[in-house]
Amino acid sequence: MKAITIQTYGGPEGLAVVDLPEPVPAAGEVVITTEAVGVSGADTVIRSGALAAYGFEEGHIPGSEVAGTVTAVGDGVDASWTGRRVWGFTGTGGGYVEHAVAAAGEILPLPENLSAADAVTLGSSGAVAHFGLRHAHFTPGERVLVRGAAGSIGIMAVQLAARGGAGAVAVTTSSAGRGARLRRLGATHVLDRSGEGGVGAPSGYDVIIDVVAGADMPSFFDRLRPNGRMVAVGAVAGRPPADFGARMMAAFQKSMSFATFSAATVSRADLRAVRREQFAAAGRGEIETVVHELLPLDEAVLAHRKMDAGEVFGRIVLTP
């Protein structure tokens with residue numbers, strides 16, 4: 001089967017198309033013949049080599065979520081899954097393939113009115129946005145800022161905050177065009193990447209959902225209101241400075257808080273429940289998935305170049 005592997009860590013050119021044997025599911029696993037593979041910011045961070053210390057080695061297959069049809073099941077898996085359209089989570093890799101392996105507990109059936117591309121645009125990002133807002137203890141009426149709102153997680157955070165009754169939903173983004181699209185999805189104020197601009201924007205926020213992190217993250221503590229909470233749900237710009245907490249300590253009397261959030265800390269049952277609900281809502285048109293572009297699997301290098309260049313609004317989806 002065709003697969004994409006990281007031959008050398010660094011730029012997108014380190015990705016290569018290779019031929020691998022078709023997988024055989026072990027006990028408790030299924031094989032999914034993929035129709036759509038999501039390309040995420042985490043994939044580009046892994047490809048860059050930034051996480052090499054966490055055990056990622058050359059030859060790694062990127063990708064964590066796929067959608068398609070179950071074509072084989074391992075021992076202990078209900079045979080009725082065979083032939084069903086599903087969304088599947090493959091872990092920290094293994095998704096950029098024609099035939100993906102997933103644990104049976106990490107697949108969900110797709111509604112008939114939800115495409116495979118929409119499923120991989122929503123499956124992980126929707127759950128991260130949902131539980132990220134919960135981790136921030138967001139309540140109706142609060143002012144929310146989504147930093148890095150043009151990606152799939154940010155887009156979902158904007159929609160969920162708006163649906164949840166936020167008093168304001170501000171976004172940081174790189175262009176007026178993107179800002180206009182985010183307004184249509186529920187944003188009330190559009191700021192530049194530094195958090196400036198936005199006529200009539202709130203002077204402070206109760207919740208900041210940060211997808212970006214990086215060197216500029218500490219400056220956003222200045223935008224939190226008293227008792228405000230910032231939750232980092234991603235780090236597409238890399239880690240913040242080692243002393244980022246000094247900004248919070250300097251404003252000690254504001255009682256601000258900071259937390260990271262990873263979906264790995266959420267129970268499988270809770271993740272499944274939220275994903276089922278969101279898939280159904282998307283199928284009814286209540287949540288909008290934003291697919292930036294469909295590209296063939298063997299154009300993964302191009303997909304990563306677009307990601308690195310900041311050209312993507314929503315999610316790029318690879319189609320084997």
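I began with what counts as a salt bridge, namely a side-chain nitrogen of Lys or Arg within 4 Å of a carboxyl oxygen of Asp or Glu. With that in hand I looked up the total for this predicted model, and the structure holds 14 salt bridges.

**Entry on the sheet**

I turned next to the strands and found an open sheet of six, in the order E10-E9-E8-E11-E12-E13, with parallel pairing. At its edges I noted strand E10 (189–191) and strand E13 (257–260), each of which pairs on one side only. Neighbouring strands of this sheet are turned against each other by 20 degrees on average, with direction ignored.

I then followed both edges inward. Strand E9, residues 168–172, is joined to E10 by three bridges, and the two run parallel; here I found Thr172 standing opposite Leu191 in E10. At the other edge, four bridges join E12, residues 224–232, to E13, again in parallel, and Met230 has Phe258 in E13 as its bridge partner. I also traced how the chain gets from E12 to E13: it passes through helix H5, residues 245–250, in a β-α-β crossover that is right-handed.

**Entry on a salt bridge between two strands**

Which residue forms a salt bridge with Arg147? I found that Asp210 does, with the closest N and O atoms 3.0 Å apart. This pair links distant parts of the chain, since Arg147 lies in strand E8 (residues 143–147) and Asp210 in strand E11 (residues 205–210), 63 residues apart. I checked whether they are buried or exposed, and both Arg147 and Asp210 are buried.

**Entry on Arg163 and Glu286**

Arg163 forms a salt bridge with Glu286, the closest N and O atoms being 3.8 Å apart. The two are 123 residues apart in the chain, with Arg163 in helix H3 (residues 152–163) and Glu286 in the loop between helix H6 (268–283) and strand E14 (291–296). Arg163 counts as partly exposed because its relative accessibility is 49%, and Glu286 counts as partly exposed because its value is 40%. I noted further that Arg163, Arg284 and Glu286 are linked in a network of salt bridges.

**Entry on Arg247 and Asp222**

My last look returned to helix H5, where Arg247 forms a salt bridge with Asp222, their closest N and O atoms lying 2.7 Å apart. Asp222 sits in the loop between E11 and E12, 25 residues from Arg247 in H5. With a relative accessibility of 35%, Arg247 counts as partly exposed, and Asp222, at 45% relative accessible area, is partly exposed too.

Technical notes. Residues numbered from 1 in each chain as written. Predicted model: local features only at pLDDT ≥ 70, side-chain atom pairs only at ≥ 80, totals over all residues. Heavy atoms only, no water. Pairing = 2+ DSSP bridges. Axes fitted to C-alpha atoms, helices over the stretch in contact; angles between N-to-C directions. Right-handed = clockwise from strand over helix to strand, strands pointing away. Buried < 20%, exposed > 50% of the residue type's maximum accessible area, 1.4 Å probe, protein only.
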